[in-house]
Amino acid sequence: MPGEADRTGEEKLIALFRSTNEAMKAESVLKEAHLPITLRPVPKHISSDCGVCVEFPPDVRENVVLVLKENKIQFFEITPI
Amino acid sequence: MERDELYSGKLIYVDNAASSWPKPRSVIKAMCDFMEKACANPGRSGHRMSIEASRILYNTRNELSDLLNVRDPLRVVFCSNATEALNLALKGLITEKDHVITTALEHNSVMRPLRELENSGAQISILKCSQDGIPQAQDLENLIRKNTKLVVINHGSNVTGAIAPLSEIGKITRDAGLLLLVDAAQTAGCFPIDFERDQIDLLAFTGHKSLLGPQGIGGLVIGERVDIERLKPLKTGGTGSRSEYEHQPDFLPDKYESGTPNTVGVAGILAGVQFVKKRSVESIREHEMKLTGVLIEGFEKTGGVRVYGPKSLEKRIGIVSINIDGMPPSEVSFCLDREFGILTRPGLHCAPLAHKTIGAFPQGTVRFSPGVFNTEEEMTTIIEAVCQIARRG
Ligand SMILES: Cc1ncc(COP(=O)(O)O)c(C=O)c1O
């Protein structure tokens with residue numbers, strides 16, 4: 001859930017996509033790979049093409065990128081929130 | 001169980017090729033649940049209900065991909081029905097310079113867009129069929145020209161029930177470097193389809209027949225060999241993505257999905273596909289072909305009844321077209337409904353050329369199409385009813 005990152009004080013990263021359809025596919029394949037990700041709205045201060053993004057802790061960044069690439073899902077950038 | 005609750009009175013519904021009925025309870029429940037609990041706009045907002053609606057769309061693409069063996073779920077584009085999907089593929093792809101090959105068994109949802117394209121300069125050739133309604137794959141090569149772009153084929157005939165030799169046609173088409181568009185309106189959900197193995201490039205499906213979903217939802221699967229830069233969308237508009245740009249997104253599926261989708265319909269297809277997968281396409285086919293076999297055998301023993309289509313059940317789906325000597329199909333169908341509560345479809349079934357091929361033009365046929373919820377007992381009742389009507393005729 002949004003806000004969780006703030007509560008734990010832990011930094012989180014987000015990956016942005018071109019469309020909600022691609023974000024949905026990302027959620028599905030990342031969950032299948034058992035990665036600790038959450039779908040969430042894109043934070044206000046970040047501009048994005050679509051309203052939702054995928055949030056994850058920094059230590060799984062490499063795995064997230066790998067899985068997205070393997071599944072040919074285009075993502076824009078990975079930024080901290 | 002399910003069907004007893006849904007059937008009212010003693011109707012025998014054998015018009016599943018037009019629209020399947022009854023629907024699995026789970027389909028109705030999924031649609032009601034969506035309307036009640038998650039009827040937000042998918043892809044337009046980031047809140048949980050909108051995300052849930054988007055998830056329904058994705059899960060459905062995923063289940064359909066699994067059913068049809070499509071590698072990437074985002075290649076499943078939702079349309080309002082097979083007709084829209086076929087229009088998108090044909091009008092999006094074919095220019096006035098192109099040549100298209102199709103068969104004599106096409107539904108008007110292929111034939112009419114093709115005739116329209118022909119009026120603006122495109123060339124059309126028609127692959128002949130045997131009298132029992134099977135397209136002659138061996139003649140396909142001879143029809144190919146320098147500017148041939150596409151082969152369009154009806155996978156399962158809605159008139160004769162004949163199955164087209166898809167893998168043969170797929171191979172010839174691929175070897176010649178052409179694209180293959182398959183109209184799977186009658187086969188998706190009741191006959192095994194393998195998008196990859198059968199070398200299909202575009203496949204149109206509809207939700208309200210053997211996928212056991214509601215009317216008004218279907219789609220087009222767009223294969224990797226189709227250059228989407230050259231496939232024009234039928235309509236452009238809001239997609240929820242790239243909202244700051246005034247140009248249509250150039251990626252799948254958004255390029256072809258403008259406007260708020262029929263998400264409640266998609267929720268229905270999702271439950272329908274899950275029902276089909278749980279029963280398995282193979283066992284549904286086995287059931288429907290057993291019923292079809294009973295019908296054909298019964299009709300063939302009845303004097304004055306002519307049965308159309310292939311003799312072998314293996315070359316068929318669950319559709320049986322007949323005529324009773326001296327009686328117009330509309331009259332037979334009306335008697336069956338009024339006197340026996342048997343619901344069939346008379347006439348041309350939107351495929352005039354197919355009727356010319358089998359020698360049933362312009363009167364058409366009476367079509368029986370048993371589905372997953374029909375029983376053998378019902379088939380016996382149907383045969384007796386047809387016997388009675390034929391004796392009178
Ligand atoms: C072979 C075939 N193609 C296309 C269609 C069109 O399907 P829909 O009416 O759902 O667009 C049908 C059904 O009527 C059909 O039988």
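Reader: What makes B:Arg55 and A:Glu27 a salt bridge?

Author: In this predicted model, the closest N and O atoms of B:Arg55 and A:Glu27 are 2.6 Å apart. The cut-off between a side-chain nitrogen of Lys or Arg and a carboxyl oxygen of Asp or Glu is 4 Å, so the pair B:Arg55 and A:Glu27 counts as a salt bridge. Across the interface of chain A and chain B, the rule finds two salt bridges.

Reader: Which elements give two or more residues to the side of chain A that touches chain B?

Author: They are helix H2 (20–32) and strand S2 (38–41) of chain A. H2(A) gives the most, with seven residues. By class, this side of chain A has seven nonpolar, five polar and five charged residues.

Reader: How many residues does each chain bring to the contact, and what is the area buried between chain A and chain B?

Author: Chain A brings 17 residues and chain B 23 residues. The buried area is about 1,500 Å², with 54% of it from carbon and sulfur atoms. On the side of chain A, A:Asn21, A:Lys25 and A:Asp49 lose the most area to chain B, together 36% of what that side buries.

Reader: Why are S2 and S4 of chain B said to stand at the edges?

Author: The open sheet runs in the order S2-S8-S7-S6-S5-S3-S4 (chain B), with mixed pairing. Strands S2 (76–79) and S4 (123–127) of chain B each have a single partner strand, so one side of each is left without a neighbour in the sheet.

Reader: What makes S3 and S5 of chain B a pair?

Author: Pairing needs at least two bridges. Three bridges join S3 (residues 99–103) to S5 (residues 148–154) of chain B, so these parallel strands pair.

Terms used. Residues are numbered from 1 along each chain as its sequence is written. Chains are lettered from A and ligands numbered from 1 in the order in which they are written. This is a predicted model: local features need pLDDT of at least 70, side-chain atom pairs count only at pLDDT 80 or more; totals for chains, interfaces and linings use all residues. Side-chain values use heavy atoms; hydrogens and water are left out. Helices (H or I, at least four residues) and strands (E, at least two) are DSSP runs, numbered from the N terminus. Contact means heavy atoms within 4.5 Å. Buried area is the accessible area (1.4 Å probe) that two parts lose on being put together, summed over both. Ala, Val, Leu, Ile, Met, Phe, Trp, Tyr, Cys and Pro count as nonpolar, Asp, Glu, Lys and Arg as charged, and the others, Gly among them, as polar.
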